[in-house]
Amino acid sequence: MPARTSDSTSAPKAAICSQGRLASAGEALVSRFGTGRDDVHYICMPMFHGNAVIANWAPALAAGATVALR
């Protein structure tokens, strides 16, 4: 059975995400949502959280947008 990244009975575990996968996700989200250089991404989650990095920081980086951290 593969290891889970988290569940209700134990501590969260790290999930491997290559730089290529991160870049691909960022570019795909830029394409899907039309993110541009004039946009500002507000990231309220901690940067160790996968959604903060993959769904918010990566597309901002790919688009050259501004990032605002909480």
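**Notebook: segment before H1, helix pair and surface patch**

I began with Ala 14, which I found in the segment before H1. The model I am reading is predicted. Ala 14 has a relative accessible area of 79%, and I recorded this residue as exposed because the cut-off for that class is over 50%. I then looked for a distant partner in sequence and noted His 49, which is 35 residues from Ala 14 along the chain. The C-alpha atoms of Ala 14 and His 49 are 9.8 Å apart.

I turned to His 49 itself. This residue sits in the loop between strand S1, residues 40-43, and H2. Its relative accessibility is 34%, and I entered His 49 as partly exposed.

**Cys 17**

I stayed in the segment before helix H1, where Cys 17 is also located. Helix H1 itself covers residues 19-33. Cys 17 has a relative accessibility of 32% and counts as partly exposed. I asked which residues Cys 17 touches once those up to four places away in sequence are set aside. I found Leu 22 and Ile 54. I checked the spacing to Ile 54: the two residues are 37 apart along the chain, and their C-alpha atoms are separated by 9.1 Å.

**Overall layout**

I listed the elements of the protein chain next and counted two helices and two strands. Read from the N terminus, the order is α-β-α-β. The protein chain has 70 residues, of which 19% count as buried. For contacts between residues at least 6 apart in sequence, I noted that 65% join residues at least 24 apart. The exposed area of the protein chain is about 5400 Å², and carbon and sulfur atoms supply 57% of that area.

**H1 against H2**

I examined how the two helices meet. Two packed helices are described by the angle between their axes and by the distance between the axes. The axes of H1 and H2 come within 7 Å and cross at roughly 75°. I therefore recorded H1 and H2 as roughly perpendicular to each other, since angles of 65 to 115 degrees fall in that class.

I then went through the residues at this meeting. From H1, I noted Leu 22, Ala 25, Gly 26, Glu 27, Leu 29 and Val 30. From H2, the residues they meet are Val 53, Ile 54, Ala 55, Trp 57, Ala 58, Pro 59, Ala 62 and Ala 63.

I followed Val 53, which is placed in helix H2. Apart from neighbours within four places in sequence, Val 53 is in contact with Leu 22, Met 47 and Ala 58. Val 53 and Leu 22 are 31 residues apart in sequence, with 8.3 Å between their C-alpha atoms. Leu 22 thus appears twice in my contact entries, as it touches Cys 17 and is in contact with Val 53, because in both cases heavy atoms lie within 4.5 Å.

**Asn 56**

I next asked whether Asn 56, a residue of helix H2, is buried or exposed. Its relative accessibility is 16%, and Asn 56 counts as buried because the limit is under 20%. Beyond neighbours within four places in sequence, I found Asn 56 in contact with His 41, Tyr 42, Ile 43 and Asn 51. Strand S1 spans residues 40-43, so I compared its range with this list: His 41, Tyr 42 and Ile 43 fall within it, the strand being defined as a DSSP run.

**Nonpolar patch**

I closed with the surface. Met 47, Trp 57, Leu 61, Val 67 and Leu 69 form a nonpolar patch there, and together they have about 440 Å² of accessible area. Helix H2, residues 50-63, and strand S2, residues 66-69, each supply at least two residues of the patch. I looked up one member separately: Leu 61 lies in helix H2 and is exposed, with a relative accessible area of 55%. I noted that Trp 57, a member of the patch, is also listed among the H2 residues that meet H1. Met 47, another patch member, is in contact with Val 53.

How values were computed: Residues are numbered from 1 along each chain as its sequence is written. This is a predicted model: local features need pLDDT of at least 70, side-chain atom pairs count only at pLDDT 80 or more; totals for chains, interfaces and linings use all residues. Side-chain values use heavy atoms; hydrogens and water are left out. Patches are made of residues with over 30% relative accessible area and no salt bridge: like charges are joined within 9 Å, nonpolar side chains (Val, Leu, Ile, Met, Phe, Trp, Tyr) within 5 Å. Accessible areas come from the Shrake-Rupley method with a 1.4 Å probe; for residues, only the protein chains shown count as cover. A salt bridge is a side-chain nitrogen of Lys or Arg within 4 Å of a carboxyl oxygen of Asp or Glu. Helices (H or I, at least four residues) and strands (E, at least two) are DSSP runs, numbered from the N terminus. Buried means under 20% relative accessible area, exposed over 50%, partly exposed in between (1.4 Å probe, protein chains only). Axes are lines fitted to C-alpha atoms, for helices over the stretch in contact, and angles run from 0 to 180 degrees between N-to-C directions. Angles under 35 degrees count as roughly parallel, over 145 as roughly antiparallel, 65 to 115 as roughly perpendicular and the rest as oblique.
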